[in-house]
Amino acid sequence: MPYEAWGYHGTVSSRPEVTRPEVSLAQRKRQLVSNELTEAALQLLARKGFDGVTIDEIVATAGVSKRTFFRYFASKEDVVVQFLAEMGADMCTELAARPAGESPSVALRQAVSVPIAACADHFDRALSVVQLILRTPALHARFLERQAQWRDDLAAEVARRQGFDGDGDLYPQLAAAMALSAFDTVLQRWSGSAGAADPAELIDQAFAVIAPALDAVGRRA
């Protein structure tokens with residue numbers, strides 16, 4: 001659960017929370033260790049930079065062995081990549097949960113607002129992580145790789161909601177790409193302002209620009 005290092009647990013949504021199945025004690029212990037490693041790594045990476053942190057430092061800070069680290073992560077990069085992994089899933093979950101008659105611009109804005117809300121709610125930690133990702137070429141490259149997968153997943157959900165052929169129509173991919181471009185622009189602006197800009201206001205401004213294009217294509221029968 002990547003946002004747990006920010007104190008965030010689950011999708012930010014106005015819709016009723018779905019009851020999650022019980023997890024075993026072993027699963028809870030594994031999640032606890034993973035969270036501790038993620039917390040230690042992100043603190044060190046944000047403070048010292050990606051190249052200035054070793055795995056030895058991470059495990060020493062977390063109080064675990066190097067062998068334990070490699071049971072959870074293959075590299076320093078993977079700590080941050082796992083941190084990002086649920087962003088796309090949460091966006092798609094929120095998009096799928098939006099009312100069927102809602103316009104594409106509103107539904108997509110609500111979907112990408114999930115991680116934006118987490119940034120706003122856990123300001124200092126989120127800003128450090130976002131700046132780390134955007135300023136570290138290796139991490140930014142992995143972030144863009146993740147976004148490519150998010151685009152495909154969001155496009156599939158847009159196609160389902162709007163009644164499009166996901167393979168034959170351009171609209172779903174273009175709509176998803178516009179939404180993620182807005183998301184990326186907001187993160188860049190928020191990070192560049194050192195957190196002075198309000199990410200919620202930025203996402204509203206961004207979608208005000210792209211909403212006419214998103215809503216120009218009607219729903220297919």
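How are H8 and H9 oriented to each other, roughly parallel or roughly antiparallel? This tour of a predicted model takes up that pair after its first stops.

**Stop 1: residues 54-73.** Begin by selecting residues 54-73, which an unreviewed UniProt entry lists as "DNA-binding region". Over this selection the chain is 75% helix and 0% strand. A distance label between the end C-alpha atoms should read 13 Å.

**Stop 2: H1 against H6.** Next, select helix H1 (residues 25-48) together with helix H6 (residues 123-135). The axes of H1 and H6 come within 9 Å and cross at roughly 65 degrees. Since angles of 65 to 115 degrees count as roughly perpendicular, H1 and H6 are therefore assigned to that class. The crossing of H1 past H6 is left-handed. To display the contact, show the side chains of Glu39, Leu42, Gln43, Leu45 and Ala46 in H1, which meet Arg125, Ser128, Val129 and Leu132 in H6. Sorted by class, the residues of this H1 and H6 contact are five nonpolar, two polar and two charged.

**Stop 3: H6 against H7.** Keep H6 and add helix H7 (residues 137-162). Here the axes of H6 and H7 come within 5 Å, and the crossing angle is roughly 95 degrees. H6 and H7 are therefore roughly perpendicular to each other. On the H6 side, select Leu132, Ile133, Leu134 and Arg135; on the H7 side, select Pro137, Leu139, His140 and Phe143, which they meet. The contact of H6 with H7 comprises six nonpolar residues, one polar and one charged. Leu132 takes part in the contact with H7 and also in the contact with H1.

**Stop 4: H8 on its own.** Now isolate helix H8 (residues 171-192). Its 22 residues, at 1.5 Å a residue, should span 32 Å, and the 31 Å between its end C-alpha atoms agrees with that expectation. After H8 comes Ala194, which has a positive phi, near 55 degrees.

**Stop 5: H8 against H9.** Finally, add helix H9 (residues 199-214), which packs against H8 at an angle of about 155 degrees with the axes 9 Å apart. Angles over 145 degrees count as roughly antiparallel, and H8 and H9 are therefore roughly antiparallel to each other. From H8, the contact uses Tyr171, Ala175, Met178, Ala179, Ala182, Phe183, Val186, Arg189 and Trp190; from H9, Pro199, Leu202, Ile203, Ala206, Phe207, Ile210, Ala213 and Leu214. Colouring the contact of H8 with H9 by class gives 16 nonpolar, no polar and one charged residues. H8 passes H9 in a right-handed crossing.

Notes: Residues numbered from 1 in each chain as written. Predicted model: local features only at pLDDT ≥ 70, side-chain atom pairs only at ≥ 80, totals over all residues. Heavy atoms only, no water. Axes fitted to C-alpha atoms, helices over the stretch in contact; angles between N-to-C directions. Helix = DSSP H or I, 4+ residues; strand = E, 2+ residues; numbered from the N terminus. Parallel < 35°, antiparallel > 145°, perpendicular 65-115°, else oblique. Contact = heavy atoms within 4.5 Å. Nonpolar A, V, L, I, M, F, W, Y, C, P; charged D, E, K, R; others polar. UniProt positions renumbered as here; feature names shortened; annotations may be inferred. Expected span 1.5 Å × (residues − 1). Left-handed = near helix turned anticlockwise from the far one by under 90°.
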